[in-house]
Amino acid sequence: MTSGTLTVKPLSGKLKRDTETFGKMDPYCKVKLGSTTHETKVHSNAGKYPAWNDKLVFKRSNEEVVNIDVLDKDTFSSDTIGYVTIPLSKVVENKKVSEWHTLSYKGKMAGEILVEMEFIPDAGSSGPSTQLSSGTSVMMGSQQPQYVQGFSQ
């Protein structure tokens, strides 16, 4: 797969699972790509309808999924509200995707999260060649050159 920069923006949530007995939840997201983890800011007293405005930037090499945990920040710890694993194939292909994803907790639906992702491939990252109108191939990445019939080598 193609390497590049992956930007993940958790935008909002519609949470079904409430971890608070009293008061409202303080949700935040923990996003993991490979061995790198970033967190959004806590949306204090948001309850079941949090919104975030964080832009989490990752360097992607060959990872195929991003993992998002939605947690409730408490004084001494955090409780898991739900989690989702999102395949990256769609964002790598389309460059920008904004979709709702279902959160799970212990096999049950825990809510939904709206996530916007954008992928910018590295310059020179291996990928397909592009055919120009003149019939000449332009190679992207580290592919071997191809010769077009009728042209001298």
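1. Which residues is Ile113 in contact with, leaving aside its neighbours within four places in sequence? Pro10, Ser12, Gly13, Cys29, Trp52, Ile68, Val70, Val84, Glu99, Trp100, His101 and Leu103. Keep in mind throughout that what you have on screen is a predicted model.

2. Now the overall layout. The protein chain has one helix and 10 strands, and reading along the sequence gives β-β-β-β-β-β-α-β-β-β-β. Of its 153 residues, 34% are buried. Take the contacts with a separation of 6 or more: 54% of them join residues 24 or more positions apart. As for the outside, the chain exposes about 9,300 Å², with carbon and sulfur atoms supplying 48% of that area.

3. Strand E1 (residues 4–15) is a good place to start on the pairing. E1 runs antiparallel to strand E4 (residues 56–60), and five bridges join the two. If you want to find this pairing on screen, look for Gly4, which stands opposite Arg60 in E4. E1 also pairs with E8, again in the antiparallel sense, over 11 bridges. There, Leu15 has Gly111 of E8 as its bridge partner.

4. On to the core. The largest nonpolar core has 28 residues, and Leu6, Val8, Ile68, Ile113 and Met117 are those with the most contacts inside it. The elements giving two or more residues to this core are E1, strand E2 (27–33), E4, strand E5 (65–73), strand E6 (78–87), helix H1 (89–94), E7 and E8. E8 supplies the largest share, five residues.

5. Met117 deserves its own look. This residue lies in strand E8 (residues 108–121) and counts as buried, at 3% relative accessibility. Not counting residues up to four places away in sequence, Met117 touches Leu6, Thr7, Val8, Val66, Ile86, Leu88, Val91, Lys95, Lys96 and Val97. Two of the names in that list, Leu6 and Val8, also appear among the residues with the most contacts inside the core. How far apart are the C-alpha atoms of Met117 and Leu6? They are separated by 7.0 Å, although the two residues are 111 residues apart along the chain.

6. His101 is worth a click too. You'll find it in strand E7 (residues 96–105). Is His101 buried or exposed? His101 is buried, because its relative accessible area is 13% and the cut-off for buried is under 20%. Setting aside residues up to four places away in sequence, His101 touches Val84, Ile86, Gly111, Glu112, Ile113 and Val115. Ile113 has turned up before, as one of the core residues with the most contacts.

7. Next, the salt bridges. Side chains of opposite charge can pair when their charged atoms come close. A search of the whole structure finds seven salt bridges. In one of them, the side chains of Glu116 and Lys9 meet at 3.1 Å, N to O. That pair links distant parts of the chain, with Glu116 in strand E8 and Lys9 in strand E1, 107 residues apart. Glu116 is buried, with a relative accessible area of 17%, whereas Lys9 counts as partly exposed at 25%.

8. Lys41 and Asp54 form another salt bridge, with their closest N and O atoms 3.9 Å apart. Both residues lie in the loop between strand E3 (36–39) and E4, so the pair ties together parts that are 13 residues apart in sequence. Lys41 counts as exposed, at 62% relative accessibility, while Asp54 counts as buried, at 12%.

9. Lys90 and Glu99 also meet through their side chains in a salt bridge, at 2.5 Å, N to O. Lys90 is partly exposed, with a relative accessible area of 41%, and Glu99 is partly exposed as well, at 26%. Elsewhere, salt bridges that share partners join Lys9, Lys96 and Glu116 into one network.

10. Last, a couple of backbone angles to check. Lys95 has a phi near 75 degrees, a positive value in a residue other than glycine. Lys95 sits in the loop between H1 and E7 and is partly exposed, with a relative accessible area of 36%. Lys106 is not a glycine either, yet has a positive phi of about 50 degrees. The place of Lys106 is in the loop between E7 and E8, and this residue is exposed, with a relative accessible area of 66%.

Conventions: Residues numbered from 1 in each chain as written. Predicted model: local features only at pLDDT ≥ 70, side-chain atom pairs only at ≥ 80, totals over all residues. Heavy atoms only, no water. Helix = DSSP H or I, 4+ residues; strand = E, 2+ residues; numbered from the N terminus. Buried < 20%, exposed > 50% of the residue type's maximum accessible area, 1.4 Å probe, protein only. Contact = heavy atoms within 4.5 Å. Areas by Shrake-Rupley, 256 points an atom, 1.4 Å probe, with all protein chains shown as cover. Pairing = 2+ DSSP bridges. Core = buried A, V, L, I, M, F, W, Y, C linked by side-chain atoms within 4.5 Å. Salt bridge = Lys/Arg side-chain N within 4 Å of Asp/Glu carboxyl O.
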